[in-house]
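Reader: Got a model open here. Mind walking me through it?
Author: Sure, go ahead.

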Amino acid sequence: ENSNVYTLNDSKALWKKLLEPIMDSAIHSKGVYFHCGVGADRTGMIASALEGLLGVDRANIDMEYELTNFSTGWQSLAGGIYRARTYPAYKAIMTQQSNIPLLYGLANTFRNRWVSFALSCGIGIDKINAFRAACIDGTPDVINVTVPSYTITNTLTNVTNSNAAQSVDEYHAYVATLTANHGYAISSVSITMGGADVSQYYSNGTINIPSVTGNIVITATATEIE
């Protein structure tokens, strides 16, 4: 990615893309390797999020970040910049972490702010719990939350929707393909989410809503080809 440091203000879709393959690898007992140009900032941010989900506390994550300074050739690679818990970029990211909104009644803990962040990126609680079970010795506590789901209503005239789902969990993506019946062509499509128009998520027959935050209503019409 064209970034020197990931922040929690980056898109949720980017964070889901970064975290989910690593979590999936661990869940399926597969080795996984992630890195960046130097191995401190982007790598460190991903490691912080993953360890936070596992319940590693802030003090230990701070120390692990600082251990990067002992890497061979580190100073020449990093332009002489020492990474410490007082490093402005790191402090800024951890300030963002402390302000993550807690979701679904989760208690205010360092771990639960990371859990809330992952949930807001569309990573399901079942996957978070499976990742924790794969990486923590013994039997870790299961994080229980009730994630709201939103209805999907199709009002289609001479159009079919490839996605038969009638609901979708909050913050998850909704993807579907609209196809006109034989002998017809799609003439109009409108989509609302939570009552607001989100038709911008439709293009050339495909609906791609990256993060669902309300009930979805899809209205599409196809007219006969003359």
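Reader: Which residue in S8 is the bridge partner of Tyr174?
Author: Ile209 is the partner of Tyr174. Helices (H or I, at least four residues) and strands (E, at least two) are DSSP runs, numbered from the N terminus. One caveat: this is a predicted model, where local features need pLDDT of at least 70, side-chain atom pairs count only at pLDDT 80 or more, and totals for chains, interfaces and linings use all residues. Residues are numbered from 1 along each chain as its sequence is written, and side-chain values use heavy atoms, with hydrogens and water left out.

Reader: How many bridges between S4 and S8?
Author: Four, in the antiparallel sense, between S4 (residues 174-180) and S8 (residues 206-209). Two strands count as paired if DSSP finds at least two bridges between them.

Reader: What's the strand order in that sheet?
Author: S2-S4-S8-S7, an open sheet with antiparallel pairing. S2 (159-161) and S7 (202-203) are the edge strands. Each has a single partner, so one side of each lacks a neighbour in the sheet.

Reader: Switching to helices. Is H6 mostly covered or open?
Author: Mostly covered. H6 spans residues 110-120, and 11 of its 11 residues are buried. Buried means under 20% relative accessible area, exposed over 50%, partly exposed in between (1.4 Å probe, protein chains only). Arg111, Arg113 and Trp114 are among the buried ones.

Reader: What do they pack against?
Author: Helices H1 (12-27), H2 (42-54), H3 (58-67), H5 (88-98) and H7 (125-135). Contact here is heavy atoms within 4.5 Å.

Reader: And what follows H6?
Author: Gly122, with a positive phi near 90°.

Reader: How many disulfides?
Author: Zero. A disulfide is a pair of cysteine sulfur atoms within 2.5 Å.

Reader: Why no bond for Cys121?
Author: Because the closest cysteine sulfur, in Cys135, is 18 Å from its own, too far for a bond. Cys121 is also buried, at 5% relative accessible area.

Reader: How many cavities of 30 Å³ or more?
Author: One, from a search of the whole structure. A cavity is a set of points on a 1 Å grid over the protein atoms alone where a 1.4 Å probe fits but cannot get out; lining residues have an atom within 4 Å of a point. The largest cavity holds about 50 Å³, a volume being the space filled by probe spheres set on the points.

Reader: What lines it?
Author: Val5, Asp41, Gly44, Met45, Ser48, Tyr65, Ala89, Tyr90 and Ile93. H2 and H5 each supply at least two lining residues.

Terms used:
1 Å grid on protein atoms, 1.4 Å probe; cavity = no way out; pocket = protein on both sides within 12 Å on 5 of 7 lines; lining within 4 Å.
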